[in-house]
Amino acid sequence: MKLNQPKTTETIYFIKEFSDLDIPIHVAFDDFETAKAYISRLRTFGDAQIVECQLNPGFYTDITRDCFFVQLNMHNDEATAHYVIDLQRTELATNGHYFFEGEQICVYVMALSKDGAIKAARELKDEVKRNQE
């Protein structure tokens, strides 16, 4: 099943409180200035942080594949693959985004398994190498 959820332009602002309590989100506002006023109203919120998030973000769903982040060494067969579950990086996997970091090519990819993700990333690495020559 594939679902393309349309994007909205609404933004929501969460107040993250840094404390010994394990409650990452304290309250949410739909206006940045109001969020700023809230955390500056009491001295105890001096260490709070405003985190901007998109309300009802658009997203792509594919229940047949998972999203992975694969790191490949450009000069040998070393590879590591990790599941990706956050919205921003799943979007990168949906788009097949890649970048270079030192001697590695880092690839976001959608695949049926970790082995499939590594195989797809290696194919991309080989294509990139051919294009560089």
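# Report on a predicted protein model

Phe69, Phe99 and Tyr108 together make up one aromatic cluster. The model in which this cluster appears is predicted, and the report moves from its aromatic rings to its overall make-up, its third helix and its charged side chains.

## Aromatic rings

Across the whole structure, a search finds five aromatic pairs. One of them joins Tyr98 and Phe100, whose ring centres are 6.1 Å apart with 90° between the planes, an edge-to-face arrangement. Tyr98 is partly exposed, because its relative accessibility is 35% and the partly exposed class lies between 20% and 50%. Phe100, at 43% relative accessibility, also counts as partly exposed.

Phe99 and Tyr108, both members of the cluster, form a pair as well. Their ring centres are 6.5 Å apart and their planes meet at 40°, so this pair is classed as tilted. The angle explains the class, because planes under 30 degrees apart count as stacked and those over 60 as edge-to-face. Is each partner buried or partly exposed? Phe99 is partly exposed, with a relative accessible area of 26%, whereas Tyr108 is buried, with a value of 8%.

## Overall make-up

The protein has three helices and nine strands. Read from the N terminus, these elements follow the order β-β-β-α-β-β-β-β-α-β-β-α. The protein has 133 residues, of which 27% count as buried. Among contacts in the protein with a separation of 6 or more, 60% are between residues 24 or more positions apart.

## Helix α3

Helix α3 covers residues 114-132, which is 19 residues. At 1.5 Å a residue the helix should span 27 Å, and its end C-alpha atoms are indeed 27 Å apart, so the expected and computed values agree.

Which residues of α3 are buried? They are Ala117, Ile118, Ala121, Leu124, Lys125 and Val128. Viewed down the axis of α3, the buried residues fall within an arc of 125°, and therefore they line one face of the helix. A general property of helices is relevant here. An α-helix has 3.6 residues a turn, so residues three or four places apart point the same way. On the other side of α3, Asp115, Lys119 and Arg130 are exposed.

The buried residues of α3 are covered by elements that include β6 (66-73), β7 (79-83), β8 (98-101) and β9 (104-111). Ala79 belongs to strand β7. With neighbours within four places in sequence set aside, Ala79 is in contact with Gln71, Leu72, Ile118 and Arg122. One of these, Ile118, is among the buried residues of α3. Ala79 itself is partly exposed, with a relative accessible area of 27%. The C-alpha atoms of Ala79 and Ile105 are separated by 9.8 Å, although the two residues are 26 residues apart along the chain.

## Charged side chains

Side chains of opposite charge can pair when their charged atoms come close. How many salt bridges does the structure hold? It holds two salt bridges, and the table sets them out.

| Arginine | Aspartate | Closest N to O |
|---|---|---|
| Arg65 | Asp62 | 2.9 Å |
| Arg89 | Asp86 | 2.6 Å |

The bridge between Arg65 and Asp62 brings together residues of unlike accessibility: Arg65 is partly exposed, with a relative accessible area of 31%, while Asp62 is buried, at 7%. In the bridge between Arg89 and Asp86, Arg89 is partly exposed, with a relative accessible area of 30%, and Asp86 is partly exposed, with a relative accessible area of 30%.

Asp62 lies in strand β5, which comprises residues 60-62. Asp62 counts as buried because its relative accessible area is 7% and buried means under 20%. What does the side chain of Asp62 meet in polar contact? A contact of 2.5 Å links the side chain of Asp62 with that of Thr64, and a polar contact of 2.9 Å joins the side chains of Asp62 and Arg65. The side chain of Asp62 thus appears in a salt bridge with Arg65 and in a polar contact with Thr64.

Conventions. Residues are numbered from 1 along each chain as its sequence is written. This is a predicted model: local features need pLDDT of at least 70, side-chain atom pairs count only at pLDDT 80 or more; totals for chains, interfaces and linings use all residues. Side-chain values use heavy atoms; hydrogens and water are left out. Rings of Phe, Tyr and Trp (its six-membered ring) pair if their centres lie within 6.5 Å; planes under 30 degrees apart count as stacked, over 60 as edge-to-face and the rest as tilted. Buried means under 20% relative accessible area, exposed over 50%, partly exposed in between (1.4 Å probe, protein chains only). A salt bridge is a side-chain nitrogen of Lys or Arg within 4 Å of a carboxyl oxygen of Asp or Glu. Helices (H or I, at least four residues) and strands (E, at least two) are DSSP runs, numbered from the N terminus. The expected span of a helix is 1.5 Å times one less than its number of residues. The arc is that of the directions from the helix axis to the C-beta atoms. Contact means heavy atoms within 4.5 Å. A polar contact is a pair of N or O atoms within 3.5 Å; within protein, one must be able to donate a hydrogen and the other to accept it, and residues adjacent in sequence count only if both atoms are side-chain atoms.
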